[in-house]
Amino acid sequence: MTPMSVADAINSRMSIRAFTPQVPARELITELLQLASRAPSGTNTQPWKVYVLQGQSRDTLVDKVCAAHDALRANPALAAEYREEYDYYPEQWVSPYIDRRRENGWGLYGLLGIGKGDKDRMHAQHQRNFRFFDAPVGLMFTVDRIMGRGSLVDYGMFLQNIMLAARACGLHTCPQAAWNHFGKIILPHIGAGQKEMLVCGMALGYAAENDIVNTFHTPREPVSEFTRWLD
């Protein structure tokens, strides 16, 4: 672990969308997962299950999901086959959330020179998710379906710990809900049991520091916008 304050780790964490081919050592990944497992969970249930994909297992999954993503674009009716098991986003978007979503999307596409009508490049950029943004390590996270909604809250704390521990190790990450639509492909590939549900994926590796996409930083609302003081 490199010496880094918690504040430094939080402030330097960002969703990296271009990685180098350098492969983190297995011992390093094990160390950060062990550290992340100190996350709190209701009655210490520790509901997380982690699958680490590298090499051929990673590449084969990339090929499978990218092919499904292309097929879905060619035939939107296939969407019925690729449904996420829990609602990550709302069914109906309202302000201010839709405004932030649009700002995020068009800010990224604008940086990459992708116009609103450029559907081919939009599709290609979205598919970068399913290539783990070229990160050599892909993580898949599952939870037993029998667990309640609170386990997803626990899971969020575990995932944040992974991302902060990664920063302390000199690594970067990108948490990815985009994979959730393709659970029917992913779960058998990683050998997950029938009682498991896909929570999300994550890219892990070393950032390609000079890639323009990694200059994209999302804004945050000031504390005064989301906090009420009750005296």
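## Exercises on a predicted model

Pro-96 lies in the loop between helix 3 and helix 4 (97-111), where helices (H or I, at least four residues) and strands (E, at least two) are DSSP runs numbered from the N terminus. The model is predicted, so local features need pLDDT of at least 70 and side-chain atom pairs count only at pLDDT 80 or more, while totals for chains, interfaces and linings use all residues. Residues are numbered from 1 along each chain as its sequence is written, and side-chain values use heavy atoms, with hydrogens and water left out.

**Exercise 1.** Find which residue is joined to Pro-96 by a cis peptide bond, and give omega.

Solution. The partner is Ser-95. Omega of this cis bond is about 10°.

**Exercise 2.** Describe the packing of helix 2 (residues 26-36) against helix 6 (residues 150-168).

Solution. Two packed helices are described by the angle between their axes and the distance between the axes.

Step 1: the axes come within 8 Å and cross at roughly 135°. Axes are lines fitted to C-alpha atoms, for helices over the stretch in contact, and angles run from 0 to 180 degrees between N-to-C directions.

Step 2: classify the angle. Angles under 35 degrees count as roughly parallel, over 145 as roughly antiparallel, 65 to 115 as roughly perpendicular and the rest as oblique. Helix 2 and helix 6 are therefore oblique to each other.

Step 3: list the contact (heavy atoms within 4.5 Å). Leu-32, Leu-33, Leu-35 and Ala-36 of helix 2 meet Phe-158, Asn-161, Ile-162, Ala-165 and Ala-166 of helix 6.

Step 4: sort the residues by class. There are 8 nonpolar, 1 polar and no charged residues in this contact. Ala, Val, Leu, Ile, Met, Phe, Trp, Tyr, Cys and Pro count as nonpolar, Asp, Glu, Lys and Arg as charged, and the others, Gly among them, as polar.

**Exercise 3.** Do the same for helix 3 and helix 7.

Solution. Step 1: the axes come within 10 Å, with a crossing angle of roughly 160°.

Step 2: helix 3 and helix 7 are therefore roughly antiparallel to each other.

Step 3: helix 3 contributes Ser-57, Thr-60, Leu-61, Lys-64, Val-65 and Ala-68 to the contact, and helix 7 contributes Ile-185, Ile-186 and His-189.

Step 4: by class, the residues divide into 5 nonpolar, 3 polar and 1 charged.

**Exercise 4.** State whether Leu-53 is buried or exposed, and name what Leu-53 touches.

Solution. Step 1: Leu-53 is found in strand 1.

Step 2: its relative accessibility is 3%, so Leu-53 counts as buried. Buried means under 20% relative accessible area, exposed over 50%, partly exposed in between (1.4 Å probe, protein chains only).

Step 3: leaving out residues up to four places away in sequence, Leu-53 touches Arg-58, Leu-61, Pro-136, Val-137, Gly-138, Met-140, His-189 and Ile-190.

**Exercise 5.** Compare the settings of Gln-46 and Phe-132, two residues with positive phi.

Solution. Step 1: phi of Gln-46 is about 45°, and phi of Phe-132 is near 55°. Neither residue is a glycine.

Step 2: Gln-46 sits in the loop between helix 2 and strand 1. Phe-132 sits in the loop between helix 5 (119-127) and strand 2 (137-144).

Step 3: Gln-46 counts as partly exposed at 38% relative accessibility, whereas Phe-132 counts as buried at 0%.
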